[in-house]
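Me: Could you take a close look at one part of this model for me? Pick a single helix and walk me through it, then tell me about the ligand site too if there's room.

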Amino acid sequence: MKIAVIGTGISGLSVANMLKDQNEVMLFEKETKAGGLIKCERVNDCLFHKVGGHVFNSRNNDVLDWFWSHFDKENEFVKATRNAKVFFNNTIIGYPIENYLYMLDQDIVKKVIHELLELQKKDKISPFDYSNFEDFLKGTFGDTLYQIYFKPYNLKIWKTDLSTVSMQWLEGKLPMPLLQEILESNFFRKEEDNMVHSTFFYPKENGSQFIVDRLKKGLNVFEDFNVSDVKNILGKLRINEVDFDRVIYCGDVRKLPAYFKDLLRNGGVDLEYLEKLRSNGTSNLFCETDETDISWLYIPESFTSAHRIIYTGNFSETNNRGAKRKTCVVEFSGKVKFEEMAEEIKKLPGNLKPIAYNYEPNSYVIQDHRTREVINKAKSILEENGIYLLGRFAEWEYYNMDKAVEAAFAVRDKINKQ
Ligand SMILES: Cc1cc2nc3c(=O)[nH]c(=O)nc-3n(C[C@H](O)[C@H](O)[C@H](O)COP(=O)(O)OP(=O)(O)OC[C@H]3O[C@@H](n4cnc5c(N)ncnc54)[C@H](O)[C@@H]3O)c2cc1C
């Protein structure tokens with residue numbers, strides 16, 4: 001079959017690699033460079049992750065097997081252990097915070113323990129039976145931890161009322177802590193080991209850009225090509241005068257009505273809802289920092305609008321080539337001016353000095369109670385017409401890279417079945 005892939009983030013690159021041997025695959029990318037969110041660039045020879053600080057791991061063996069069939073794990077990647085911390089009350093404490101209660105003030109700890117014990121007396125409910133994210137956090141960690149940590153941190157990131165955020169986005173993302181585990185971690189001072197990125201792999205050279213460059217090899221990619229229309233003509237899907245049998249769309253689902261308005265409307269999809277799905281952007285300030293062994297530092301409190309520092313310079317030494325000190329990325333939610341970020345970092349540890357910055361308008365998708373239903377409807381109507389939605393913004397899923405690969409398997413299997 002002749003297959004068009006719209007978008008060359010990890011989703012598009014993965015599915016194209018999975019399909020290219022049996023089909024003729026063409027990829028279209030609206031930016032001048034492939035990679036989507038995982039793109040990096042070198043600034044003064046230091047590696048700048050323009051969004052986040054992408055590291056790789058997966059709990060899914062099929063994803064791992066597929067991934068490592070494209071890379072040499074031993075020679076091209078380093079394996080690291082996550083050393084995440086929380087900057088709280090002007091000190092650095094462990095992450096996740098519930099496992100390091102012993103590092104908090106006694107009065108707070110007393111309250112938290114009391115609330116956790118009270119919660120135990122209530123009937124157990126599954127995390128996904130909570131009607132929203134706020135209720136889940138309060139019902140799982142108690143009101144004190146919610147007020148001092150989970151609420152301020154999540155409000156910074158989401159910039160939205162947490163009671164309107166549905167629970168579905170968390171599925172498979174967070175291990176749900178049991179009181180027993182919280183107590184053991186606090187008594188035995190055990191390090192976290194059950195989160196998906198508690199250990200991770202990271203390319204020795206060029207970070208996630210290395211992943212993009214490798215996966216792109218041998219593919220037929222048209223960059224700087226914004227697909228603005230897909231016509232359905234006599235059973236073929238036409239893009240820029242070329243006819244395709246199948247189209248895999250990895251772009252923003254909110255733009256779909258512009259392409260397939262009648263198809264979606266006639267299928268009963270709520271177009272207005274789809275177009276108004278909410279997302280958040282992130283601003284990243286790339287900096288030099290003093291030496292530290294931390295990988296991620298979470299900053300819940302409101303003394304600064306920054307919410308996280310990712311010490312990308314600790315992931316691979318080659319990331320700091322060109323700098324006298326280590327490098328890191330300071331993350332802010334939404335669009336923040338360079339001057340404002342430069343002021344904010346003065347409040348943070350590490351004598352941070354800015355090198356470069358980037359604003360990415362779409363990084364976090366916000367799911368509400370109707371999102372899955374509407375997206376699933378759109379998916380099934382489009383699939384009947386040979387069009388597949390794949391990826392973080394096309395499926396409006398809180399995917400990590402490994403989940404995007406897993407989703408690419410699903411699209412591959414559907415196409416191969418036909
Ligand atoms: C701050 C942050 C940190 C993260 N950290 C990690 C991490 O450490 N590890 C991890 O595994 N995951 C991480 N993730 C998640 C990861 O970034 C995503 O899962 C992944 O990049 C999504 O890839 P995608 O291909 O689905 O989407 P994208 O990367 O957004 O790719 C979509 C592509 O489609 C192109 N496109 C859109 N519309 C069109 C059009 N009309 N025509 C042509 N091209 C088009 C876009 O330009 C883009 O290149 C992080 C995400 C964020 C926001």
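Reply: Let's start where the helix ends: just after helix 6, K159 takes a positive phi of about 50°. Keep in mind that this is a predicted model.

Now back up into the helix itself. Helix 6 covers residues 143-158, so 16 residues by the DSSP run, yet its end C-alpha atoms sit only 19 Å apart, short of the 22 Å that a straight helix would reach at 1.5 Å a residue. Along the way there's a kink of about 40° at F150, shortly before the proline P152.

F150 is also buried, and it has company in helix 6: T144, L145, Y146, Y149, Y153, N154, K156, I157 and W158 are buried as well. Note that K156 is on that list, as is W158, the residue that closes the helix at 158.

On to the ligand. It is surrounded by 35 residues, the closest being S11, E29, H54, V55 and Y399. That shell divides into 15 nonpolar, 14 polar and six charged residues. As for polar contacts, a polar backbone atom of Y399 lies 2.7 Å from a ligand oxygen, and one of L37 lies 2.8 Å from an oxygen of the ligand. Y259 uses its side chain instead, with a polar atom 3.0 Å from a ligand nitrogen. The protein covers 93% of the 1000 Å² of accessible area that the ligand has on its own. The elements giving two or more residues to the shell are helix 1 (10-19) and strand 18 (353-365).

Conventions:
Residues are numbered from 1 along each chain as its sequence is written. This is a predicted model: local features need pLDDT of at least 70, side-chain atom pairs count only at pLDDT 80 or more; totals for chains, interfaces and linings use all residues. Side-chain values use heavy atoms; hydrogens and water are left out. A residue is near a molecule or strand if one of its heavy atoms lies within 4 Å of it. A polar contact is a pair of N or O atoms within 3.5 Å; within protein, one must be able to donate a hydrogen and the other to accept it, and residues adjacent in sequence count only if both atoms are side-chain atoms. Accessible areas come from the Shrake-Rupley method with a 1.4 Å probe; for residues, only the protein chains shown count as cover. Helices (H or I, at least four residues) and strands (E, at least two) are DSSP runs, numbered from the N terminus. Ala, Val, Leu, Ile, Met, Phe, Trp, Tyr, Cys and Pro count as nonpolar, Asp, Glu, Lys and Arg as charged, and the others, Gly among them, as polar. The expected span of a helix is 1.5 Å times one less than its number of residues. The bend at a residue is the angle between axes fitted to the seven residues ending there and the seven starting there. Buried means under 20% relative accessible area, exposed over 50%, partly exposed in between (1.4 Å probe, protein chains only).
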